[in-house]
Amino acid sequence: MPKLTLAEVEHVALLARLRLTEDEKHRMTEDLNVILDHFETLQQLNTDGISPTAHAIPMENVLREDATRPSLPREELLREAPEARDEFFVVPRIVDT
Amino acid sequence: MPELWELSATELRAAVGRGEVSCREVALAHLGRIELVDERVRAFVTVTEEEALAQADRWDAARARGEELPPLAGVPVALKDNMCTRGIRTTCASKVLGDWRPPYDATVTSLVREAGGVLVGKTNMDEFAMGSSTENSGLFPTSNPWDLERVPGGSSGGSAAAVASRMAPLALGSDTGGSIRQPGALCGVVGFKPTYGRVSRYGLVAYASSLDQIGPFARSVADAALLLRVIARPDPLDNTSAPVETPDYSAGLTGDVRGLRIGVPKEYCAEGVTGEVRGAVEAALDRYRELGAEVSETSTPHVEHALASYYLIAPAEASSNLARYDGVRYGFRAPGARDVVDMFQVSRDLGFGDEVKHRIMLGTYALSAGYYDAYYLKAMQVRTLVKQDLERCWERFDVLVTPTTPEVAFRKGEKLNDPMAMKLADVCTLPINLAGTCAVSIPCGFQNGLPIGLQIIGRPFEEGTVLRAAQAYEQTTDWHRRAPEL
């Protein structure tokens, strides 16, 4: 596999919603390449026809009664918010007016 | 007469039941012990003195009324700080959660409390359970009680250190790639990772959802069995919790392993495992032979690829799970953002520590367009091979025995600057998470005063067999009775 570049690190950081500092971007590029190099061995392993495992223990979909039940108290949840007003979470402006 | 904090959970529960000691005395003894030694060990993020005394008084009152007491009545329990406790801050050792007070209890928190367990505190960990030394805690590092210059292992290092240093007889941890068993081994205590689905994860802060599982720490197999029985039950609030019966694990501890078929997968004792660790494991296998078990070598050839598979799957799942920390509904928000995306990005960059950001980046990359097949899909295929290796073993063996870790506790800082070195600490434990099955680490010796761990692996949902094998060995040794000097 090709080396991970600084530009790719910047792109991935954007996808992950991380504002990395310049220093972090450089360190991250170096460290991730060390790790990915180590994982090169995987590419040499033939996995043709092997089905992937997402969950190790077989499970079936779980259904429950479609019944109403109390939800968590709104005041208690809003109390933990960095900023709240009335019944709402407050965030910086999203749409320009 | 031993101090109350020296007693096992089983002994404490019995003494409470006979009325020889009150739950309040037990709680105060452990709170006093925490006060005395935690300054040096630093296992606790939060000590819950009020909660502990209130719970203790509740069970003392119940006993005074002549009520039948539940299985953990008056027994102090510590919880890893990634398990939600209503109204009590739950940090995950991350600045991103800050002083977050959950509005609900994790299912394990409720089960422990209903069973009479007395919560003495929340324990330190690697941030979001990512790490093997508790040095990645966003708050402070924890020390190994056997040598304060060394790490306790991780990520559940606080829980392991709390139990080893007699600040609580029982604790819960979570294990995604070894985070219960590895610190259990390094601190010289019993650490049990149940089968995926055995214990509800409702209210456990998610790291890698196809791998995470909660399990007990204790200073004896009997105590671990006691706590496992309390927490192992199906939960309608966790759709991955398995609809299986909970056996009476304590009743299954017969000490009899005659005819038990033990497989020793040779790949686990390969490169990197020190001679001392290898010697201790071989001596334990000799002991099993003396006890009448049949021990033979076997092979799990794909173990060498398990580490790479794990370190693609776990970060991929983490990158998705940790997307929720956005500074909107709870936790940390960076001040002065220009707009909402800026707020997400800066809050996350300042809130998460280095290791967490590394794993988010690695996982996001492995899942991103163009790399999905080469990394994530490949890792899931290798996971199948690792799982099939173990399934083949179950045709011939009842349990498998390996070292828990390649070496004893390492020095603080020793592995911090090499991105691969720390990951190799989990090389013997993480295949078990990939396969979803159960395993325990128990003490099997010492090297220069530092504990060595023996890993016993069982078939899915056959925790009872693993516990029986562990206890049969334990009762022929005194490793688990040794205590660090603090």
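Biologist: Where is Ala16(A) found?

Modeller: In this predicted model, Ala16(A) sits in the loop between helix H1 (6-15) and H2 of chain A.

Biologist: Is Ala16(A) buried or exposed?

Modeller: Ala16(A) counts as buried, because 23 C-beta neighbours lie inside 10 Å and the cut-off for buried is 20 or more.

Biologist: And which residues does Ala16(A) touch, leaving out those up to four places away in sequence?

Modeller: Ser319(B), Ile360(B), Met361(B) and Thr364(B).

Biologist: Those are in chain B. How many residues does each chain bring to the contact?

Modeller: Chain A brings 42 residues and chain B brings 55 residues. On the chain B side, at least two residues come from each of helix H9 (303-321), helix H10 (340-351), helix H11 (354-367), helix H12 (372-393) and helix H13 (430-435).

Biologist: Which helix gives the largest share of that side?

Modeller: H12(B), with 10 residues.

Biologist: How does the chain B side divide into nonpolar, polar and charged?

Modeller: There are 30 nonpolar, 15 polar and 10 charged residues on the side of chain B that touches chain A.

Biologist: Back to H12(B). What span does H12(B) reach?

Modeller: From first C-alpha to last, H12(B) reaches 31 Å with its 22 residues, close to the 32 Å expected at 1.5 Å a residue.

Biologist: Where does H12(B) bend?

Modeller: At Lys378(B), by about 30 degrees.

Biologist: What about H9(B), where is the kink there?

Modeller: The kink in H9(B) is centred on Ser309(B) and is about 25 degrees. H9(B) has 19 residues and spans 27 Å between its end C-alphas, close to the 27 Å expected.

Biologist: How many residues of H9(B) are buried?

Modeller: 16 of its 19, so H9(B) is mostly covered.

Biologist: Now the packing of H2(A) on H11(B). What describes two packed helices?

Modeller: The angle between their axes and the distance between the axes. For H2(A) and H11(B), the axes come within 11 Å and cross at roughly 60 degrees.

Biologist: Is the crossing of H2(A) and H11(B) left-handed or right-handed?

Modeller: H2(A) makes a right-handed crossing with H11(B).

Biologist: Which residues meet there?

Modeller: From H2(A), Met28(A), Asp31(A), Leu32(A) and Ile35(A); from H11(B), His358(B), Met361(B) and Leu362(B). By class, this contact has five nonpolar, one polar and one charged residues.

Biologist: Glu30(A) next. Where does Glu30(A) lie?

Modeller: Glu30(A) is in helix H2 (residues 22-38) of chain A. Glu30(A) counts as partly exposed because it has 13 C-beta neighbours inside 10 Å. Between Glu30(A) and Lys3(A) there are 9.8 Å, C-alpha to C-alpha, at 27 residues apart in sequence.

Biologist: New topic, the backbone. What is the usual sign of phi?

Modeller: Most residues other than glycine have a negative phi, and most peptide bonds are trans. Asp86(A) has a positive phi, near 50 degrees, and lies in the loop between strand E1 (84-85) and strand E2 (88-89) of chain A. Arg42(B) also has a positive phi, about 60 degrees, and is found in the loop between helix H2 (23-41) and strand E1 (44-47) of chain B.

Biologist: Why does Asp86(A) count as exposed, and why does Arg42(B) count as buried?

Modeller: Asp86(A) counts as exposed because it has 6 C-beta neighbours inside 10 Å. Arg42(B) counts as buried because it has 22.

Biologist: Which peptide bond is cis?

Modeller: The bond from Gly154(B) to Ser155(B) is cis, with omega near 10 degrees. Ser155(B) is in the loop between strand E3 (118-123) and helix H5 (157-164) of chain B.

Terms used: Residues numbered from 1 in each chain as written. Chains lettered and ligands numbered in written order. Predicted model: local features only at pLDDT ≥ 70, side-chain atom pairs only at ≥ 80, totals over all residues. Contact = placed C-beta atoms within 7 Å. Helix = DSSP H or I, 4+ residues; strand = E, 2+ residues; numbered from the N terminus. Nonpolar A, V, L, I, M, F, W, Y, C, P; charged D, E, K, R; others polar. Expected span 1.5 Å × (residues − 1). Bend = angle between axes of the 7 residues up to and from the residue. Buried ≥ 20, exposed ≤ 12 C-beta atoms within 10 Å, placed from the backbone. Axes fitted to C-alpha atoms, helices over the stretch in contact; angles between N-to-C directions. Left-handed = near helix turned anticlockwise from the far one by under 90°.
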